[in-house]
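Here's a quick tour of a protein model for someone who likes to know the cut-offs behind the words. Have the viewer open and follow along.

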Amino acid sequence: MALPFLPGNSPNKQLGKEKFHKSQHFDYSNGIPMLVGCEKPGIGGELLGGQKIKPKYSVYPKGRGSALPSWLAFDKQALCFEAYCQEAVPEARDETYRIRKFNIYFYLEDDTIQVVEPEYKNSGIPQGTFIRRQRVPLPPPNDDQFYNIFHFNLDQQMVLYSRTFTVTNCDTFTRNFFSKLGVRLNNPAAVPADPYSNLRQQIEKSMTPLRPYERRDTLKQFLDHEGKVLRFKCFWDDSESVFGDLRELVLHYFLADDTIEILEIIPPNSGRDTAAKFLHRSKLPKHSVRMKQPGQLTDRTVLNVFDSSKQGKRYILDSLKTGAVNEDFYKDCDLTIGREVSVWGRRLIIADCDDFTKDYYRSKYGIEDFTPVQYKAPPAPKPPRPMPPYNGFGSEEDSLSSCQGLLPKPPQKDFYKFMEKDRLVENVLKFSAKMVTDDPVDSERMFIISFYLCDDSISVYERSQRNSGVLGGKFLERSLIKKPGQQLFKSELSEYFTAQDMYVGATICINNWNFQLLDADEYTLNYMEQHAEEFPKANVGNILSKLRSIQEEKQSEIRKFLTLSDPSNTGFIPYESFRGLLTGLDCGLSEHEVLMLGRCFSERTQPEVDVGLMLAVAQDFLKKKHFEELPAMARDFTYRNQQKTGRLSIKETRTICKAFKLPLPETLLGGLLSVFADGDEIDYHAFLAGINWVEHHAPPVMPEDTLKVRESNHSKTCQTKGSVTSFASHSEADTTGMSC
């Protein structure tokens with residue numbers, strides 16, 4: 001029963017509809033009002049009566065398949081189809097129609113089609129791109145739509161711009177793509193024969209001789225061995241001829257084309273003219289003595305079958321090679337050490353080869369014996385050149401260089417050592433010393449001896465002391481110092497003091513003055529520890545080996561002394577007691593070796609830092625430099641802190657400080673960052689508030705406070721107590737298990 005057509009009983013199409021916009025159908029084109037929206041939908045995007053949706057780009061609806069756009073998902077992917085087209089050829093005697101083959105490419109990213117015709121030799125037709133890449137419309141009456149992927153299949157016809165193409169086959173990628181879409185492809189179709197093409201093939205076969213030229217393809221050998229050359233050392237004994245002698249040669253065998261080149265090694269002052277090459281690069285026959293005439297050796301031979309003064313000569317290819325001259329050439333298998341090579345009547349003996357040649361024969365022929373042939377006597381040893389003794393003029397090196405040549409040259413220094421050791425100013429070993437003498441005045445004088453590692457020179461500086469009666473200052477200019485006990489006028493060079501002779505406790509004689517080295521600075525001790533292989537006195541392994549080699553009674557005495565010196569079993573004893581023990585036992589250890597043991601088994605602690613004093617010194621630096629970029633730094637810290645935690649890493653904090661050129665010394669900046677660090681992060685609010693000299697003014701500081709803070713951040717202190725437990729365990733361990 002139908003409901004009456006009353007309000008509320010009829011369906012309302014507008015229910016649930018949200019879009020009521022109207023499409024723009026009119027617009028101005030070149031200043032003229034025109035109707036431009038004939039294909040646009042009606043109100044709210046709904047289609048008008050008789051209007052159809054035209055696919056714009058692809059047949060795949062939105063929301064299906066990959067989330068990537070089609071231009072990215074199908075980038076550089078195309079379907080390839082093989083097709084042919086039959087076209088009529090009017091007014092032709094040899095053909096009435098022609099079969100033309102094409103390749104159709106369908107690009108998945110934008111549904112475009114390209115038709116390409118393969119090029120054939122002497123076709124007489126412009127071939128190549130037949131239809132440029134574009135979207136091809138369907139034939140009428142559906143010419144308002146375009147071809148998509150579902151319009152393609154095998155063994156069917158397609159009309160592209162009024163030309164009918166028959167699709168015959170496709171490639172593997174296209175077949176797999178259709179199978180994934182669920183489209184079943186038809187069986188491939190055969191291409192009909194082209195009458196004119198068959199006629200052309202018959203003509204070409206009739207023109208081809210029954211016995212074509214033999215082709216020798218050497219391209220593979222060239223590509224595999226281009227640039228690879230075997231190198232042999234040879235000699236030619238020409239001593240039987242007049243003014244002949246033994247001549248050295250170098251033979252090059254080129255693997256790319258089996259050619260040989262020979263060069264001659266002409267020694268200096270031999271009286272021979274320098275020739276470019278002993279033998280130009282060419283194939284070398286084995287049994288030829290005389291050179292062949294041009295054309296005598298050819299790859300092919302022909303027969304003269306007809307000779308007429310009027311009609312000329314006729315030749316055919318000699319397939320049996322009845323008149324060919326067979327010549328055997330040298331190959332790589334014929335060249336081995338000790339073999340004889342005939343070079344146009346000259347007998348060359350292969351004596352040696354290079355490493356590449358040895359590897360080549362070892363890998364290809366399995367040859368392992370490459371003993372060179374000795375063809376000349378070993379050179380006589382040079383007679384010794386005795387040098388005259390030092391004459392006393394200049395330095396010994398300078399006098400020696402004047403005896404080594406007619407043109408004296410300045411003595412050469414060790415440039416590599418200079419560049420390695422002179423990069424930093426601190427490459428100087430400094431020792432405090434005193435003079436060893438019976439004079440009570442001189443025995444109280446204190447000196448600083450500096451050893452320069454770049455050139456092994458030594459300088460001595462005397463400390464000034466009040467009421468000593470001796471003026472301090474430079475005691476010895478920087479120079480090389482000879483070791484005592486050497487003759488002055490001798491042929492050999494004198495020995496000089498080296499870095500290994502400088503250690504704590506050593507006594508050195510400098511210009512007849514004896515000095516005892518009492519102590520060294522921290523850099524010297526650290527340098528000798530880091531380069532223990534160069535300084536035996538600083539090698540803890542060697543020192544412990546000396547202690548293990550002492551008698552068992554002394555080892556027991558050491559253990560007993562360590563136990564008595566540490567009644568509370570804390571593991572520490574005073575360094576002076578430890579030093580007195582090793583010195584009194586006469587273990588053969590120097591003062592420097594005892595000091596190295598104490599440094600090795602000591603506990604190093606960082607001194608406590610006065611944070612308030614550090615901040616006051618930092619504010620003093622910023623105030624003197626008038627640094628007022630702290631608000632900008634705070635904004636940069638806030639910008640980099642994306643999580644708004646108020647903390648940044650130490651690396652980022654240091655980067656910001658460097659970017660704003662914070663005028664603080666590197667040691668002071670590092671100390672402040674370590675104070676405000678909590679793990680690997682910095683509380684930058686507290687850091688900026690501490691160094692803000694404008695809002696949080698700190699009390700003034702004195703110059704000695706600044707020096708104190710900088711020194712405390714630059715160096716570390718060391719306790720004067722040695723670890724008894726560690727030293728005892730190392731001294732009792734064997735050599736293989738020793739750990740320092």
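The largest nonpolar core has 48 residues, and the ones touching the most other members are I449, I458, I510 and L597. Such a core is a set of buried Ala, Val, Leu, Ile, Met, Phe, Trp, Tyr and Cys residues joined through side-chain atoms within 4.5 Å; buried means under 20% relative accessible area, exposed means over 50%, and partly exposed is in between, with a 1.4 Å probe and protein chains only. Take I458: leaving out residues up to four places away in sequence, its partners include I449, F451, L476, F497, M502 and I510, where touching, or contact, means heavy atoms within 4.5 Å. There's also a second, separate core of 30 residues, with F621, F637, F676 and A698 among them. As a rule of thumb, nonpolar side chains in soluble globular proteins tend to be buried together.

A word on provenance: this is a predicted model, local features need pLDDT of at least 70, side-chain atom pairs count only at pLDDT 80 or more, and totals for chains, interfaces and linings use all residues. Residues are numbered from 1 along each chain as its sequence is written, and side-chain values use heavy atoms, with hydrogens and water left out.

Back to the model: N511 sits in the loop between β21 (507-510) and β22 (513-520). Because its relative accessibility is 49%, N511 counts as partly exposed. N511 and P484 are 27 residues apart in sequence, with 8.2 Å between their C-alpha atoms.

Zooming out, the protein chain has 20 helices and 28 strands, which are DSSP runs numbered from the N terminus (helices H or I, at least four residues; strands E, at least two). Of its 740 residues, 31% count as buried. Accessible surface for the protein chain is about 50000 Å², and carbon and sulfur atoms hold 53% of that; areas come from the Shrake-Rupley method with a 1.4 Å probe, and for residues only the protein chains shown count as cover.

Now the sheets. Here are some antiparallel pairs; two strands pair if DSSP finds at least two bridges between them.

| Strand | Partner | Bridges |
|---|---|---|
| β3 (residues 78-88) | β8 (residues 163-170) | four |
| β7 (residues 156-160) | β8 | five |
| β11 (residues 259-265) | β12 | two |

Within these pairs, E82 has N169 in β8 as its bridge partner, while Q157 stands opposite T166 in β8. The hairpin of β7 and β8 has two residues between the strands, and Y161 takes a positive phi near 55 degrees there.

One open sheet has six strands in the order β12-β11-β10-β9-β16-β15, paired antiparallel. Its edges are β12 (279-282) and β15 (340-343); each has a single partner strand, so one side of each is left without a neighbour in the sheet. From one strand to the next, the twist averages 35 degrees. Helix α5 (residues 355-364) packs on this sheet, touching β9 (229-237) and β16 (346-353), and its direction makes about 110 degrees with that of β9. For these angles, axes are lines fitted to C-alpha atoms, for helices over the stretch in contact, and values run from 0 to 180 degrees between N-to-C directions.

Is T174 buried or exposed? T174, in helix α2 (residues 172-181), counts as buried because its relative accessibility is 0%. Leaving aside neighbours within four places in sequence, T174 is in contact with L79, C80 and F81.
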